[in-house]
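Here's a quick walk through a few interior spots of this protein. Have the structure open and follow along.

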Amino acid sequence: MSRTVAPLTDTEIRKSKRERLFDGGGLMLERTESGARIWRLRYMRPSGARNRISLGAYPEVSLAEARKHRDRVRAMLRKGLDPANAQRDQKEAERKQAAATFAVVAEQWLDMKEAEVKGNTLSEATLRKARLVVRSYLIPELRQRLIATLTSRQATEAVEKIASKSPSLAVKARQYLVSIVDYAIGKELREEGRTLSLRRALKKSKSAGLPAATEPAEIKVLVVAIDAYPTPVTRAALKLNMLTAVRPSIVAEAEWVEIDLDHAEWKIPGSKMKMGEEHKVYLSTQAVAVLRDMKVYSEKKRYVFPPLARQKTEHLHRDSLSKALRDMGFRGKHVTHGFRAMFRTAGRERLGLAIDVLEAILAHGSKNEVDQAYNRASFIDQRQDAMQRWADYLEGLGTEAGSAPRP
């Protein structure tokens with residue numbers, strides 16, 4: 001018959017000078033050579049081997065707390081689990097969390113996004129934006145913060161600082177922050193369920209969207225200004241952006257191998273598209289003329305629009321287009337991405353183009369998979385006609401202003 005052990009009391013523990021005190025159920029308090037008193041728990045492993053683990057020092061860990069630890073261990077043993085392994089895993093998790101700064105985890109998240117690009121589930125353009133926002137804005141603000149303890153307040157303050165410099169990028173920063181933390185939770189670098197609450201991180205903008213010229217009078221001023229812009233490569237890129245309503249980054253990175261001038265088509269590979277699928281642009285005669293004129297500058301090169309003198313990229317940088325619009329006086333009135341809104345609004349209101357055709361031209365994905373497949377396969381004639389009517393409309397506005405646009 002096993003010997004019954006009388007439970008300990010706090011008074012007994014404080015007064016006792018014995019090397020070991022037993023509380024029952026394998027729990028004991030052991031005095032070390034240095035004089036410290038450590039709670040130990042002896043138990044039988046599921047394999048049948050004897051073992052013991054430390055539960056902390058007394059009085060930091062009280063008698064009541066030590067008993068709770070013992071009860072949890074015994075509950076684990078009843079389930080066939082070894083508490084020593086769980087304890088080791090817990091220490092390893094704590095070690096990983098202590099080493100997981102925001103900067104480290106953010107770079108791991110970017111590596112995951114790069115793998116998505118290689119798997120054709122994410123566009124290269126989306127990855128570039130993520131790298132820009134994370135490396136240039138988020139990491140400088142949160143570099144040494146531990147991902148395990150990053151609070152919503154700290155994240156909100158970082159987003160608000162970014163918003164003071166670039167409101168549009170702050171929206172992306174908030175989105176990426178939430179995604180990075182979710183990634184950390186999935187990698188067990190942060191407690192399960194401890195997500196960020198950033199709903200109030202940014203004040204709602206009074207603007208309905210990015211600045212864009214959508215009224216005929218506004219578009220007319222824009223057409224004339226672009227036609228008079230002195231730098232030929234930038235002028236041509238702005239014209240193509242306006243004539244095709246393609247995203248400005250894709251225009252800046254246009255490659256000759258993608259373009260078939262004889263058939264007036266531009267096939268943009270899925271790696272460049274936001275939805276990750278190839279997109280075909282039907283070129284108007286005006287767009288073809290713009291591209292033919294660019295052969296003087298880049299016919300034997302990879303990219304249609306070569307970089308300006310001070311740029312280090314292989315192609316024209318999209319920021320050159322934004323700067324050109326600002327230099328022409330369109331700050332706060334029209335941005336490069338605004339060409340898409342301009343085409344959609346004026347195309348619908350002034351040219352009466354069908355919504356489905358406009359959405360197909362803009363490569364907006366449909367929530368309905370059947371509709372999406374149908375849209376990709378259809379509207380060829382309508383899209384060709386729409387792009388020509390749009391180019392003629394823009395040319396007409398320039399003519400009305402007394403300056404017929406040059407290609």
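The largest cavity in this predicted model is lined by Thr244, Ala245, Val246, Arg247, Ile250, Ile268, Met273, His279, Arg340, Ile361, Leu362 and Ala363. Its volume comes out at about 60 Å³. Sort that lining by class and you get 8 nonpolar, 2 polar and 2 charged residues.

How many cavities of 30 Å³ or more are there? The count is 2, so here they are side by side, as that count includes each of them.

| Cavity | Volume | Nonpolar lining residues | Polar | Charged |
|---|---|---|---|---|
| Largest | about 60 Å³ | 8 | 2 | 2 |
| Second largest | about 40 Å³ | 4 | 1 | 2 |

Around the second largest cavity sit His279, Lys280, Val281, Tyr282, Ile361, Arg383 and Met387. Two elements give two or more residues to this lining, namely strand E7 (279-282) and H16. Which of the elements gives the most? That's E7, with 4 residues. His279 and Ile361 turn up in both linings, that of the largest cavity and that of the second largest.

Now to the helix packing. Helix H9 (residues 232-244) and helix H16 (residues 380-400) have axes that come within 9 Å of each other, and they cross at roughly 125°. Since angles from 65 to 115 degrees count as roughly perpendicular and those over 145 as roughly antiparallel, that crossing makes H9 oblique to H16. On the H9 side the meeting residues are Met242, Leu243 and Thr244, and on the H16 side they are Met387, Trp390, Ala391 and Leu394. By class, this contact has 6 nonpolar residues, 1 polar one and no charged ones.

Two of these names link back to the cavities. Thr244, which is part of the H9 contact with H16, also lines the largest cavity. Met387, on the H16 side of that contact, also lines the second largest cavity.

Last stop: Glu253, in the loop between helix H10 (248-252) and strand E5 (259-260). Is Glu253 buried or exposed? Its relative accessibility is 11%, and because buried means under 20%, Glu253 counts as buried. What does Glu253 touch, leaving aside its neighbours within four places in sequence? Its contacts there are Arg128, Lys272, Tyr303 and His315.

Notes. Residues numbered from 1 in each chain as written. Predicted model: local features only at pLDDT ≥ 70, side-chain atom pairs only at ≥ 80, totals over all residues. Heavy atoms only, no water. Axes fitted to C-alpha atoms, helices over the stretch in contact; angles between N-to-C directions. Parallel < 35°, antiparallel > 145°, perpendicular 65-115°, else oblique. Contact = heavy atoms within 4.5 Å. Nonpolar A, V, L, I, M, F, W, Y, C, P; charged D, E, K, R; others polar. Buried < 20%, exposed > 50% of the residue type's maximum accessible area, 1.4 Å probe, protein only. 1 Å grid on protein atoms, 1.4 Å probe; cavity = no way out; pocket = protein on both sides within 12 Å on 5 of 7 lines; lining within 4 Å. Points joined across faces, edges and corners; volume = space filled by probe spheres on them.
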